[in-house]
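The following exercises concern a ligand shell and a sheet. Each task is followed by a solution in steps.

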Amino acid sequence: MQIRIENLSFRYLKSNRDNLQKVSCTIEAGERVALIGHNGSGKTTLAKHLNGLLQPQQGRVFIGNHLIAGESTAQCASKVALLFQNPDDQICMRRVYEEVAFGPKNLGHSSSRLHILVKEALTLFDLSHLSESNPYDLGYSERKRLALASITAMDTPILVFDEPTAGLDEREISLFIGAIHNLQAQGKSVIMITHDMDFVAEHIPRAICLKSGAVAYDGLVQNLFNNEELLSSCSLRPPQVFQLSRHLHHTPRALTPEQFVSTLSRSVQ
Ligand SMILES: Nc1ncnc2c1ncn2[C@@H]1O[C@H](COP(=O)(O)OP(=O)(O)OP(=O)(O)O)[C@@H](O)[C@H]1O
Ligand SMILES: [Mg+2]
């Protein structure tokens with residue numbers, strides 16, 4: 001399902017500047033996009049406009065062919081699921097199974113379908129053995145995985161993850177990578193807000209970069225990393241492997257360690 005944002009501007013009540021400034025972009029069904037930018041650049045504010053948590057003050061947001069205007073989060077929830085930056089802002093039930101079931105239950109899935117969705121999400125994020133636990137007894141990274149499982153179980157065509165890998169270890173990040181590949185195989189769109197440029201370089205082809213609430217870049221990640229001036233103006237640094245590749249004058253520059261090794265072995269031959 002397509003997302004189309006047209007000239008979206010927004011200012012919080014207590015703010016003395018526009019926190020989003022004429023943001024326009026289109027994200028096609030099945031795309032994987034990174035939403036990046038410095039702290040306070042407006043990433044979370046933009047994400048909240050995709051599921052009705054915030055309403056545009058100027059401009060329009062379309063999900064599919066449908067204009068979101070005055071729609072509640074509950075009305076948007078069948079199309080867009082949003083992972084909150086902090087899992088504790090999301091968790092509200094007393095049992096892990098119930099927490100994962102909360103979203104899809106509210107969307108009206110039948111009880112047999114609901115059970116399948118919950119089981120799949122628990123397995124995907126390695127939480128099956130904790131299904132009877134109280135979420136508040138879990139560690140931070142387990143609660144983060146629980147929040148991820150809850151969002152995935154909603155089975156929406158669009159998923160927006162706000163800092164999904166923050167606080168996860170390498171094994172848990174690989175579970176998330178498996179999940180996003182799975183989602184893409186089902187034709188779902190994934191928007192990922194992150195500060196992790198290594199992750200972006202390895203797993204996300206397109207980046208939208210916000211700077212002070214405005215779109216500073218929208219295009220291929222490779223081209224963004226090549227633009228040193230823009231990157232530093234957005235307080236971003238490309239992955240170390242990319243910087244090393246630049247020092248060695250590789251063309252194209254490596255985005256991943258695997259690409260680096262393959263370029264190196266070609267140049268040695
Ligand atoms: N509830 C609020 N009231 C007033 N200003 C806010 C509110 N929430 C966010 N802001 C301001 O809006 C701007 C954008 O904030 P936002 O949280 O969208 O940024 P972000 O890109 O997600 O940052 P981070 O990378 O730190 O999560 C910031 O200047 C922030 O201080
Ligand atoms: Mg944020």
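**Exercise 1.** Identify the residues that come nearest to ligand 1 and characterise the shell around the ligand.

Step 1. Tyr-12, Gly-40, Lys-43, Thr-44 and Thr-45 come nearest, out of 13 residues around ligand 1; a residue is near if its C-beta atom, placed from the backbone, lies within 6 Å of the molecule. The model is predicted: local features need pLDDT of at least 70 and side-chain atom pairs pLDDT 80 or more, whereas totals for chains, interfaces and linings use all residues. Residues are numbered from 1 along each chain as its sequence is written, while chains are lettered from A and ligands numbered from 1 in the order in which they are written.

Step 2. Helix H1 (residues 43-48) supplies the largest share of this shell, three residues. Helices (H or I, at least four residues) and strands (E, at least two) are DSSP runs, numbered from the N terminus.

Step 3. By class, the shell has one nonpolar, 10 polar and two charged residues; Gly counts as polar, Tyr as nonpolar, and Lys as charged.

**Exercise 2.** Determine the strand order of the six-stranded open sheet and its edges.

Step 1. The order is E6-E7-E8-E3-E9-E10, with mixed pairing; two strands pair if DSSP finds at least two bridges between them.

Step 2. Strands E6 (80-83) and E10 (214-220) are the edges: each has a single partner strand, so one side of each lacks a neighbour in the sheet.

Step 3. E6 pairs with strand E7 (residues 158-162) in the parallel sense over four bridges. Val-160 in E7 is the bridge partner of Leu-82.
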